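The following exercises concern side-chain contacts in a protein chain. Please study the sequence and the structure, then work through each solution in order.

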Amino acid sequence: MFDRLSFPQPWLSVVLFTTWQLLNDGVSGASLVMGLLLAWAIPQMTQGFWPERPAFMNAWRMPAYILRVLWDIVVASFQVARLILSPRPPRPAFVCYPLELEHPLAISILASTISLTPGTVSVDVSDDNTLLLVHALDAEDGDEVINTIRTRYEKPLLEMFT
């Protein structure tokens with residue numbers, strides 16, 4: 001019986017509950033009950049999509065990573081706006097990024113981070129999970145794009161997932 005009442009993805013449940021409370025107009029008994037119900041039911045229904053638990057070894061590094069990504073989003077937004085308003089045309093490029101990450105969740109977080117940052121989009125992951133195709137809106141040198149992704153995003157993710 002208690003197995004059915006468990007939370008298979010506790011962090012997902014916390015995020016769902018918190019998000020529900022933030023979306024509501026104030027905290028009430030009904031919103032608390034509904035938030036708890038959603039925080040329990042959604043992970044139960046999506047349990048098949050989570051075949052293995054995320055292998056966070058150093059989860060305490062995640063807040064610093066999130067702050068870095070948020071900062072990069074703000075900075076990149078201004079860079080893209082300046083590029084769009086400048087008379088110089090952008091130099092778009094596709095870059096094949098060689099992945100060091102092996103965990104599927106870590107690769108997904110990296111691809112999502114790249115896509116969230118204005119001016120770059122992760123396009124595809126190779127079938128063997130060794131290459132990530134990235135489109136950069138303005139890239140003078142593909143190696144510069146690779147080095148930036150490696151130092152700013154992949155290295156911290158490697159520290160979290162190994």
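Rings of Phe, Tyr and Trp (its six-membered ring) form a pair if their centres lie within 6.5 Å; planes under 30 degrees apart count as stacked, over 60 as edge-to-face and the rest as tilted. The model is predicted: local features need pLDDT of at least 70, side-chain atom pairs count only at pLDDT 80 or more, and totals for chains, interfaces and linings use all residues. Residues are numbered from 1 along each chain as its sequence is written, and side-chain values use heavy atoms, with hydrogens and water left out.

**Exercise 1.** Determine how many aromatic pairs the whole structure holds, and classify what is found.

*Solution.* Step one: the search of the whole structure gives one aromatic pair. Step two: the ring centres of tyrosine 65 and tyrosine 153 are 6.4 Å apart and the planes stand at 80 degrees, so the pair is edge-to-face. Step three: tyrosine 65 belongs to helix H3 and tyrosine 153 to helix H5 (residues 142-161), so that distant parts of the chain, 88 residues apart, are linked; helices (H or I, at least four residues) and strands (E, at least two) are DSSP runs, numbered from the N terminus. Step four: buried means under 20% relative accessible area, exposed over 50%, and partly exposed in between (1.4 Å probe, protein chains only). Tyrosine 65 is therefore buried at 5%, and tyrosine 153 is buried at 6%.

**Exercise 2.** Which residues pair with arginine 152 and with arginine 150 in salt bridges?

*Solution.* Step one: a salt bridge requires a side-chain nitrogen of Lys or Arg within 4 Å of a carboxyl oxygen of Asp or Glu. The count by this rule is seven. Step two: arginine 152 meets aspartate 72 at 2.8 Å, N to O. This pair connects helix H5 with helix H3 across 80 residues. Aspartate 72 counts as buried because its relative accessibility is 10%, whereas arginine 152, at 27%, is partly exposed. Step three: arginine 150 meets glutamate 100 at 2.8 Å, N to O. Glutamate 100 lies in the loop between strand E1 (93-98) and helix H4 (104-116), 50 residues from arginine 150. With 44% relative accessibility, glutamate 100 is partly exposed. Step four: arginine 150 also meets glutamate 154, at 2.9 Å, N to O. Both residues lie in helix H5, four residues apart, about one turn of the helix. Glutamate 154 is buried, at 0% relative accessibility.

**Exercise 3.** Which residues are linked in a network of salt bridges?

*Solution.* The network links Arg88, Arg91, Asp138 and Glu140.
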